[in-house]
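Please read these comments with the sequence and the structure open beside you. They are meant for someone who is new to looking at a model residue by residue.

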Amino acid sequence: MRKHFETEILHEEKKRERKFSSKVTPIYQTSAFTFKDLDDLEGFYQGNGSYLYSRTGNPNTDELGEAVARLEGAPAGVAASSGLAAILAGILAVVKNGDHIVAADDLYGGSYHMLEKELNDFGIETSFVSFTDQTQVENAIKENTKLLYTESISNPLLRVEDIEGVVQIAKKHGLITLVDNTFATPYHCRPYLMGVDLVVHSATKYIGGHSDVISGVLTGREDIVAQAKTKVVNLGTNVSPFEAWLTVRGLKTLALRMRAQSSNARKLAEALSQNKFIEKVYYPFDKDAEGYSAMVTIQLSKKVDIQQFFRSLSWIKIAPTLAGVETTVSHPLMTSHRELPQEVAEALGITKEVVRISVGIEHAEDIIAQFEQAVEKSL
Ligand SMILES: *Cc1c(COP(=O)(O)O)cnc(C)c1O
């Protein structure tokens, strides 16, 4: 019998051969997967590697988790809908109601709010301490502490964490470690290989690299990542297949981008340290690692008019994000750190003269010239 129009639209008679050898993984933009028969369905539950439903697993999201894990040298990885979703999955895989976390007091603002407000409301308490002084970290550890949480490079002043020191404290007290490696990327730093249990990324930043996607990845110990995967599934914080695909596409050029961006960052930091209207340049550099990242933070002299400075950066735009291929600037005190009490911000060194630069892949001389003329025009 000939199908009706409504049916014909959906079900073509001729089954298309699906085994094309496409060069890149196709986008499996599908909510669910189909099965030939009940044996085929049972095969999924027996772990034959097929897929059921895209919240519980999808080839594109799995590809992202596995790709980042491979680069971190970790045995397992899981992708999530954002960096924060990946951090949440990692935390909830380790702590529950009644447990305690010791976290760095200079964590990314969004992570800070998640711990300080949302998780606190669910009975998960966090002490925020300065990780520059590791006796403070040890002193904050309590009976119910489960997790030490810090960042390999902090925002916006680019403090480089003593990861080995943190791992030592964790080992001594039987704690799990979580390190946010977003700023450094596995190109510069691989915390898992230094003994850290969980390494997390806002893949929105360097992993994706093109400012066109929000996603996150948690990598690390197989048993904990398996728990975290369950959290992503049960909380519905999975990343969409298309976003995962875009992130994987970006990831392929991570080494090229980091090499170019870090080299530009170094040249910019060197040039700006010569400028007498720039009080301080924050750019951690290690000659073995060829830098630590492509972020440079500067503190302008009080002689520079900040408004005018930002206006004078013609093609360098103000953006509340980082790590794209275009150079951008941000004003931490007005964005990421605006909720900090003034004394706290001052004490941390985050004043209104502080400008964070995410260095892109343009020519170094053009980037340097932009900043120098902007300083010049703002005196
Ligand atoms: C951006 C960022 C996050 C949050 O990631 P989202 O993808 O925005 O959820 C976490 N940590 C660091 C260091 C970040 O820069």
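The numbered points below take up the ligand site and then a few residues elsewhere.

1. A word of caution comes before the rest, since this is a predicted model. Everything said below about positions, distances and areas should be read with that in mind.

2. The shell around the ligand is made up of Ser-82, Gly-83, Leu-84, Ile-87, Tyr-108, Asp-180, Thr-182, Phe-183, Ser-202, Thr-204, Lys-205 and Ser-215. If these residues are sorted by kind, four are nonpolar, six are polar and two are charged. Helix H4, which covers residues 83-92, gives the most to this shell, with three residues.

3. Which side chains bring a polar atom to an oxygen atom of the ligand? Three examples can be followed in the model: a polar side-chain atom of Ser-202 lies 2.8 Å from such an oxygen, one of Thr-204 lies 2.7 Å from a ligand oxygen, and one of Lys-205 also lies 2.7 Å from an oxygen atom of the ligand. Taken alone, the ligand would expose 380 Å², and the protein buries 92% of that area.

4. Lys-205 deserves a paragraph of its own, because it is buried, with a relative accessible area of 9%, where buried means under 20%. The residue is found in the loop between strand S6 (198-202) and strand S7 (216-220). Leaving aside neighbours within four places in sequence, Lys-205 is in contact with Tyr-108, Thr-182, Thr-321, Leu-322 and Ala-323. An unreviewed UniProt entry places the feature "modified residue: N6-(pyridoxal phosphate)lysine" at Lys-205, and this label comes from the record.

5. Ala-323, one of the contacts of Lys-205, has a backbone angle that a reader may wish to check. Its phi is near 80°, a positive value in a residue other than glycine, and the reason to pause is that most residues other than glycine have a negative phi. Ala-323 sits in the loop between strand S10 (317-318) and strand S11 (328-330), and the residue counts as buried, with a relative accessible area of 0%.

6. The loop between strand S4 (145-151) and helix H7 (163-173) contains Pro-156, and the peptide bond from Asn-155 to Pro-156 is cis, with omega near 0°. Most peptide bonds, by contrast, are trans. Leu-158 is placed in the loop between S4 and H7 as well, and has a phi near 60°, which is again a positive value in a residue other than glycine. Is Leu-158 buried or exposed? At 4% relative accessibility, Leu-158 counts as buried.

7. His-201 belongs to strand S6, and is buried, with a relative accessible area of 2%. The side chain of His-201 makes a polar contact with the side chain of Glu-72, at 2.7 Å. Leaving aside neighbours within four places in sequence, His-201 is in contact with a set of residues including Val-68, Glu-72, Gly-83, Thr-182, Ser-215 and Val-217.

8. The last point concerns Glu-365, which is found in helix H14 (residues 364-377). Glu-365 is exposed, with a relative accessible area of 57%. The C-alpha atoms of Glu-365 and Leu-268 are separated by 8.4 Å, although the two residues are 97 residues apart along the chain.

Conventions
Residues numbered from 1 in each chain as written. Predicted model: local features only at pLDDT ≥ 70, side-chain atom pairs only at ≥ 80, totals over all residues. Heavy atoms only, no water. Near = heavy atom within 4 Å. Polar contact = N/O pair within 3.5 Å; in protein donor to acceptor, adjacent residues only side chain to side chain. Areas by Shrake-Rupley, 256 points an atom, 1.4 Å probe, with all protein chains shown as cover. Helix = DSSP H or I, 4+ residues; strand = E, 2+ residues; numbered from the N terminus. Nonpolar A, V, L, I, M, F, W, Y, C, P; charged D, E, K, R; others polar. UniProt positions renumbered as here; feature names shortened; annotations may be inferred. Buried < 20%, exposed > 50% of the residue type's maximum accessible area, 1.4 Å probe, protein only. Contact = heavy atoms within 4.5 Å.
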